[in-house]
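Visitor: I have a model open and would like to learn how to read it. Could you walk me through some of its features?

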Amino acid sequence: MSNCQPMKRRTLLKHGAAIAVGTTGFPMINTGFARAGSADNIKYSTRAIDLVKQSFTVDLKHALSLYPKTVETYLTDPDSFDEEIWQEFRDSGLKVIQTTVETIKDTLLDYALHNSFLASKQDYFVRIDSVDDFGKVVAGGKIGMILGSENSAHFQTLDDIDRYYHLGQRLSQLTYNSRNLIGSGATERSDGGLSDYGVSVVEKMNRIGMAIDLSHCGDRTTLDALSLSKRPVLITHSVARKLNPSHPRTKSDEAIRKMARTDGVMGIGFLRVFVRDREPTTLEHALDHFEHVIRLVGIDYVAIGSDIALYGYDSLPREYVEATKSNLKPGTYKFREKDDIEGLNHPKRIYDLTEGLIRRGYNDSDISLILGGNAKRAISAAWNS
């Protein structure tokens, strides 16, 4: 789904924090509980809090808001993004987010407005243009923002890739759900793979150091890009088809293996219909997708790609959500009553995820890789650094 969320939703959804069990050979101690931030009474284990604090945490698909009108308000009136909203972002535990620039129909204007917003919020955010900028996040206590796109339809010519690179775009999804000049999306009736122009786009993105994302691409387009790219390829927000074979937005084991061979990374999405095709659908089922990728290709190739904002789709007005769903190809996404997963639908979900990884016996070093180390490594290599 694409960016959409009402302004200033303040009430955290109540949920139970997972209790960490097991031991590890790494130095953080799993004793005691504490609050992860100042705005609520949710308690997490001190081990989970320390892990989030000490890890370079990255969400490969995180919107400023899920509601386009709210995003547009932020962009045109930056003062509307106030200290209280910033506090929720800061308390999320995230250090870097990749946000897709797709709110305003005029893509060029959209990038200009995002740049204006970031320039006016330099106390809060850092635009991540290079590997060196990751250090500014750590040193300045800010959140880094990578500007990306969920569709490369604005690359009408190869020169457009240079143009948007100079505007700050550092990641682009080759297609959204349907076909464009480059290739086919996941819900297209047929998938002929990359077009001749698409091959040129992949080669150009490799040359200038713009990361390739295949999250919404069809199977043939995905495999073609993975075979052609000379740089690590990202799947920023998807899940394993093996665990949910009926959903078009999943990735096959073949694609996951080829992604790993590029030294890329796969971000696991948190939408309910992605994670499982029936109820119940819980945080544990989301963890199963992390584990599937790890068992298939190793710990170094999995990351977080929530595909939501601070809050999920169930926090939005239902009439808006239904209107958004109606724009998707009928019957493809197979939505159910709820869109979000309890425990992964609120600003501090990274702590819930960390508790789950602790519960499953992962050591601190591996958890830090999942929380962001893998994403940082793959992005850095894709940017030619």
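Visitor: Let me begin with strand pairing. Which residue is the bridge partner of L147 in strand 7?

Guide: Strand pairing can be followed bridge by bridge. In this predicted model, L147 has Q169 of strand 7 as its bridge partner. Strand 6 (residues 143-149) and strand 7 run parallel and are joined by 3 bridges. On to the next pair: strand 7 and strand 8 (residues 211-213) are also parallel, with 3 bridges between them, and there Q173 has D213 as its bridge partner. Between these two strands the chain passes through helix 7 (residues 196-208), giving a β-α-β crossover that is right-handed.

Visitor: How many residues of strand 7 are buried?

Guide: A residue counts as buried when its relative accessible area is under 20%. For strand 7 (residues 169-173) that holds for 5 of the 5 residues, so the strand is largely enclosed by the rest of the structure.

Visitor: Now a helix. What should the 15 residues of helix 11 span?

Guide: Multiply the rise per residue along the helix. At 1.5 Å a residue, helix 11 (residues 283-297) should span 21 Å, and its end C-alpha atoms lie 22 Å apart, which agrees.

Visitor: Which residues of helix 11 are buried?

Guide: Start from the general geometry. An α-helix has 3.6 residues a turn, so residues three or four places apart point the same way. In helix 11, 11 of the 15 residues are buried, so the helix is largely enclosed by the rest of the structure. Among them are L283, L287, F290, I294 and V297, together with charged or polar names such as H285, H289, E291 and H292. After the helix comes G298, with a positive phi near 115°.

Visitor: What about helix 13: how many of its residues are buried?

Guide: Helix 13 (residues 349-359) has 10 of its 11 residues buried, so it too is largely enclosed by the rest of the structure. The buried residues include R349, D352, E355 and I358. Just after this helix, G361 takes a positive phi of about 95°.

Visitor: Is R47 buried or exposed?

Guide: R47, which sits in helix 1 (residues 46-54), is buried, with a relative accessible area of 1%. Its side chain makes a polar contact of 2.7 Å with the side chain of D364.

Visitor: Finally, where does pLDDT stay under 50?

Guide: Look at the average and then at the stretches. The chain averages a pLDDT of 91, and 89% of the residues score at least 70. Over residues 2-31, pLDDT stays under 50, and the model has 98 contacts beyond four places in sequence for that stretch.

Definitions and conventions. Residues numbered from 1 in each chain as written. Predicted model: local features only at pLDDT ≥ 70, side-chain atom pairs only at ≥ 80, totals over all residues. Heavy atoms only, no water. Buried < 20%, exposed > 50% of the residue type's maximum accessible area, 1.4 Å probe, protein only. Helix = DSSP H or I, 4+ residues; strand = E, 2+ residues; numbered from the N terminus. Pairing = 2+ DSSP bridges. Right-handed = clockwise from strand over helix to strand, strands pointing away. Expected span 1.5 Å × (residues − 1). pLDDT = per-residue confidence, 0-100. Contact = heavy atoms within 4.5 Å. Polar contact = N/O pair within 3.5 Å; in protein donor to acceptor, adjacent residues only side chain to side chain.
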